[in-house]
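Reader: I would like to go through this model term by term. For each label, please give me the value and the cut-off behind it.
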Amino acid sequence: LPEMARVTGDATAIAAALRERLRSALRRVVFLVMPSAIAFVALGDLIVGLVFQSGRFDAGDTHAVWIILAGSALGLSAGTQGRLLASAFYALGDTKTPLRAALVRVAITFVAGWAFALPVRHALGYSEVWGAFGLTASAGVAAWVEYELLRRWLARRIGHVPVPIALVLGTFAAAAIAGALTAMVLHAIGTHRVLVTAAIGLPMF
């Protein structure tokens, strides 16, 4: 934000400078966040178990937190990229547009989260843990809606927003393959001690 806010010149020069700043920033965010999101889904049990599993926090608790974490991971990439796009609006002196997008995100999260955590869960009979997954997954979906709104609205101000589509697909594919291979190796090893499994699986990923 400070770098973008310091840009000076006419509207064309400012738009070009913001696009260039976003181009590099979005690439860094995608490169770091996409593998993290895949790891939370594929190996979340290892991450949660390594951090929390001891004493009264047992394997069942680890599994429950993993499910909830996986729901949050669905919107991790969109949420972080959306913060960058919101910063571009702030640099342009526009605080209302990001607020509008945020209100849409909050409304979707509230309605869908409430539905999947309560009435839909009661109707279909799935557990409270999966209801919590519905809540975090709703927030993830809402983050993608907010991101798309910000991207479209920002494009009207500065032109094409340089979203790194090829990098998104490449990092997603690489991380998904890494997660699948790691899970296969851990399944073949068959160890159930969380510290040993995490010590093998996380560096492998």
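Reader: Start with a ring. Why is F133 called partly exposed?

Author: This is a predicted model. F133 has a relative accessibility of 23%. Buried would need under 20%, and exposed would need over 50%. F133 falls in between, so partly exposed is the label.

Reader: And what makes W144 and Y147 an edge-to-face pair?

Author: Their ring centres are 5.8 Å apart. The pairing limit is 6.5 Å. Their planes stand at 90°, and edge-to-face asks for over 60. Both tests are passed, so the pair is edge-to-face.

Reader: How far apart are W144 and Y147 along the helix?

Author: They are 3 residues apart in helix α8, which means about one helical turn.

Reader: Is each of those two buried or exposed, and how do you know?

Author: Y147 has a relative accessible area of 6%. That is under 20%, so Y147 is buried. W144 comes out at 35%. That lies between the two cut-offs, so W144 is partly exposed.

Reader: How many aromatic pairs does the structure hold?

Author: There are 3. One of them joins W130 and F133, with centres 5.2 Å apart and planes at 70°. It is edge-to-face too. W130 and F133 both sit in α8, 3 residues apart, about one turn of the helix.

Reader: Why is W130 called partly exposed?

Author: Its relative accessibility is 43%. Exposed needs over 50%, and buried needs under 20%. W130 meets neither, so it counts as partly exposed.

Reader: What is the reach of α8 itself?

Author: The helix has 31 residues. From first C-alpha to last it reaches 45 Å, close to the 45 Å expected. Just after it, G159 takes a positive phi of about 90°.

Reader: What about E128 in α8: buried or exposed?

Author: E128 has a relative accessible area of 56%. The cut-off for exposed is over 50%, so E128 is exposed. Its C-alpha lies 8.8 Å from that of L118, 10 residues away along the chain.

Reader: Which residue lies over the face of W153?

Author: R100 does, at 4.2 Å from the ring centre. The distance limit for a charge over a ring is 6 Å.

Reader: W153 also touches T97. Why is T97 called buried?

Author: T97 lies in helix α6. Its relative accessible area is 9%. That is under 20%, so T97 is buried. Beyond its neighbours within four places in sequence, T97 contacts F89 and W153.

Reader: What makes the link between T97 and D94 a polar contact?

Author: Their side chains are joined at 2.7 Å. The limit for such a pair of N or O atoms is 3.5 Å. The value is within it, so the distance test is met.

Reader: Now Q81 in helix α5. How do you know whether it is buried or exposed?

Author: Its relative accessibility is 2%. Under 20% is buried, so Q81 is buried. Leaving aside neighbours within four places in sequence, Q81 contacts L26, V29, V30, Y147 and V163.

Reader: What do we know of α2?

Author: Helix α2 runs over residues 11-42. Its 32 residues reach 45 Å, close to the 46 Å expected. A kink of about 25° is centred on V30. V30 is also one of its buried residues, as are L26 and V29. The cover over the buried residues of α2 includes α5 and α8.

Reader: What makes L32 exposed?

Author: L32 lies in α2. Its relative accessibility is 56%. That is over 50%, so the label is exposed. Between L32 and D58 there are 30 Å, C-alpha to C-alpha, at 26 residues apart in sequence.

Reader: Last, the whole protein. How many helices and strands does it have?

Author: It has 10 helices and 0 strands. The C-alpha atoms fill a box of roughly 60 × 40 × 30 Å along the principal axes. Buried residues make up 37% of the 205. Among contacts between residues at least 6 apart in sequence, 75% join residues at least 24 apart.

Conventions:
Residues numbered from 1 in each chain as written. Predicted model: local features only at pLDDT ≥ 70, side-chain atom pairs only at ≥ 80, totals over all residues. Heavy atoms only, no water. Helix = DSSP H or I, 4+ residues; strand = E, 2+ residues; numbered from the N terminus. Expected span 1.5 Å × (residues − 1). Bend = angle between axes of the 7 residues up to and from the residue. Buried < 20%, exposed > 50% of the residue type's maximum accessible area, 1.4 Å probe, protein only. Contact = heavy atoms within 4.5 Å. Polar contact = N/O pair within 3.5 Å; in protein donor to acceptor, adjacent residues only side chain to side chain. Phe/Tyr/Trp six-rings, centres within 6.5 Å; stacked < 30°, edge-to-face > 60°. Lys NZ or Arg CZ within 6 Å of the ring centre and 35° of its normal.
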